[in-house]
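I opened this entry to keep track of what I looked up, in the order I looked it up. Confidence, strands, core and interface are my topics.

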Amino acid sequence: MLNPQPLTARTAHEWGVVSEVVPNGKALSRARELAELYLKAPEVTRRNTRVHFIQPLKERIVREVGYGLSLEGASAADLVKSMQVKSEPVAQKGKVA
Amino acid sequence: MQRHQDDYLAEYRSLKLTRDSEGVLVAEFHSNHGPFTFTAQDHTEFVDAFYRIAQDRANKIVILTGAGGDFIPYIDFSSFGNVADPAAWSQVHDEGVQIVRISQHTRSDDRGHRGTRPCALRVCPTCQCDCGSRGCDLPRYSALRRRHCARRWNFHCLEFIALEQDEQRLSC
């Protein structure tokens, strides 16, 4: 985050950020293919399978999102402050002197 | 309360919702049908949008995507006002917290599925635990103590407990 670089689809795949990489423009049609496949499972099985696998993720997100947003807000305020300082270098020097 | 569940589909400025006959809902982020620029208004609207999507059992599968070959490529920071102002950020914070919690908090209020759940179901579908009948020494919960053990118990069991209590009340 402190040295942000674009992430290629291949690297995202290697890191496990995405489960599959498809050619440009094919993501939605591939998603529809997967949807068709998933719809073959009975509805309650499908819903409960999803619930089971997202449960640990959801618990972490619910636990951490408020704290994360508080950190983000404080960091945003710090960023605004640093931009104000940069845009007023003369006034800052004047104050110090 | 019964209400039309799909009245939200055309409700959101930057989220195009299209559902096919199989129940596959495509939710597409967009700005004027092109690549999406995320604004403070969207931040507010999406809390409601994702709540309604989650609540509607007619949505069998949700595909989340973005217009113009992008997902969320831009953000309009100025629309959020002065993010260094605690009052402005407080709203961002609250909406962010609501959007991840809301579907869980409302699950037990979503009674739409009550009629389809088999009344004979007697093992919690979430923790799938029947250890009470095998002399498990873990603490147990609820009026139906033997069906929810502490090891695997979680908040989805609450929904099941509520459902079972309803069934008893209704002598189902």
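Which residues make up the covered face of β2(B), and which the uncovered one? I went through the strand and found L25(B), A27(B) and F29(B) on the covered face. V24(B), V26(B) and E28(B) are on the uncovered face. I note here that this is a predicted model.

**Confidence.** I checked the scores next. The model has an ipTM of 0.83 and a pTM of 0.68. For chain B the average pLDDT is 71, and 56% of the residues score at least 70. I marked two stretches of chain B. Residues 104-123 stay under 50 in pLDDT, and the model gives them 20 contacts beyond four places in sequence. Residues 130-156 are also below 50. That second stretch has 44 contacts in the model beyond near neighbours in sequence.

**Strand pairing.** I then followed β2(B) to its partners. β1(B), residues 15-19, pairs with β2(B) in the antiparallel sense over 5 bridges. Within this pairing, L17(B) has A27(B) as its bridge partner. The two strands form a hairpin with 4 residues between them. In the turn I found G23(B) with a positive phi of about 90°. β4(B) pairs with β2(B) in the parallel sense, over 6 bridges. There, I63(B) of β4(B) stands opposite V26(B).

**Core.** Where do the covered residues of β2(B) go? I found L25(B), A27(B) and F29(B) in the largest nonpolar core, which has 9 residues. The others in this core are L15(B), F36(B), F46(B), A49(B), F50(B) and I53(B). β2 (24-29) and α1 (40-55) of chain B each supply at least two residues of the core. α1(B) gives the most, with 4 residues. I looked at A49(B) separately. Leaving out residues up to four places away in sequence, A49(B) touches Y12(B) and L15(B).

**Interface.** I turned to the contact between the chains. 20 residues of chain B are in contact with 23 residues of chain A. On the chain B side, β4 (61-66) and α2 (86-105) each supply at least two residues. α2(B) gives the most to this side, with 8 residues. I sorted the chain B side by type: 10 nonpolar, 7 polar and 3 charged.

**Chain A.** Last, I looked at the partner. Chain A has 4 helices and 0 strands. Its pattern along the sequence reads α-α-α-α. Of its 97 residues, 1% count as buried.

Definitions and conventions:
Residues numbered from 1 in each chain as written. Chains lettered and ligands numbered in written order. Predicted model: local features only at pLDDT ≥ 70, side-chain atom pairs only at ≥ 80, totals over all residues. Core = buried A, V, L, I, M, F, W, Y, C linked by C-beta atoms within 7 Å. Buried ≥ 20, exposed ≤ 12 C-beta atoms within 10 Å, placed from the backbone. Contact = placed C-beta atoms within 7 Å. Nonpolar A, V, L, I, M, F, W, Y, C, P; charged D, E, K, R; others polar. pLDDT = per-residue confidence, 0-100. Pairing = 2+ DSSP bridges.
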